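Colleague: Got a minute to go through this model with me? I'd like to talk about how the helices pack.

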Amino acid sequence: ATFTVILIGAAQAAMKDPAKRGLMARKEELEQKVDALKYQKAAMEPGEYKKELTAALVALAEVQEELDK
């Protein structure tokens, strides 16, 4: 399935900045990882789930911090 992404505000401005395009792609990747982990939670060991989710959320926060500069 394909879908169209509409960017508004800061996200749209970031996509116009070549230096931030990579960060936006990384942010999208991390958001997808968080979503996937939520769906896999029931099949994972609780400690492993928490470890992976925490790592993904910290990385996402770091990317967002760079985008906000």
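Modeller: Sure, one convention to start: angles under 35 degrees count as roughly parallel, over 145 as roughly antiparallel, 65 to 115 as roughly perpendicular and the rest as oblique. The model is predicted, so local features need pLDDT of at least 70 and side-chain atom pairs 80 or more, while totals for chains, interfaces and linings use all residues. Numbering starts from 1 along each chain as its sequence is written, and side-chain values use heavy atoms, without hydrogens or water.

Colleague: OK, how do H2 and H3 sit relative to each other?

Modeller: The axes of H2 (residues 18-40) and H3 (residues 46-68) cross at roughly 155 degrees and come within 9 Å. Axes here are lines fitted to C-alpha atoms over the stretch in contact, with angles from 0 to 180 degrees between N-to-C directions. H2 and H3 are therefore roughly antiparallel.

Colleague: Which residues make the contact?

Modeller: Among them are Leu23, Leu30 and Leu37 of H2 and Leu53, Leu60 and Leu67 of H3, where contact means heavy atoms within 4.5 Å. The contact residues divide into 13 nonpolar, one polar and eight charged.

Colleague: And what's buried in H2?

Modeller: Lys20, Met24, Lys27, Leu30, Val34 and Leu37; buried means under 20% relative accessible area with a 1.4 Å probe, protein chains only. In H3, the buried ones include Tyr49, Ala56 and Val63.

Colleague: Switching topic, how many helices and strands does the protein have?

Modeller: Three helices and zero strands, counted as DSSP runs (H or I, at least four residues, for helices; E, at least two, for strands) numbered from the N terminus.

Conventions
Ala, Val, Leu, Ile, Met, Phe, Trp, Tyr, Cys and Pro count as nonpolar, Asp, Glu, Lys and Arg as charged, and the others, Gly among them, as polar. Buried means under 20% relative accessible area, exposed over 50%, partly exposed in between (1.4 Å probe, protein chains only).
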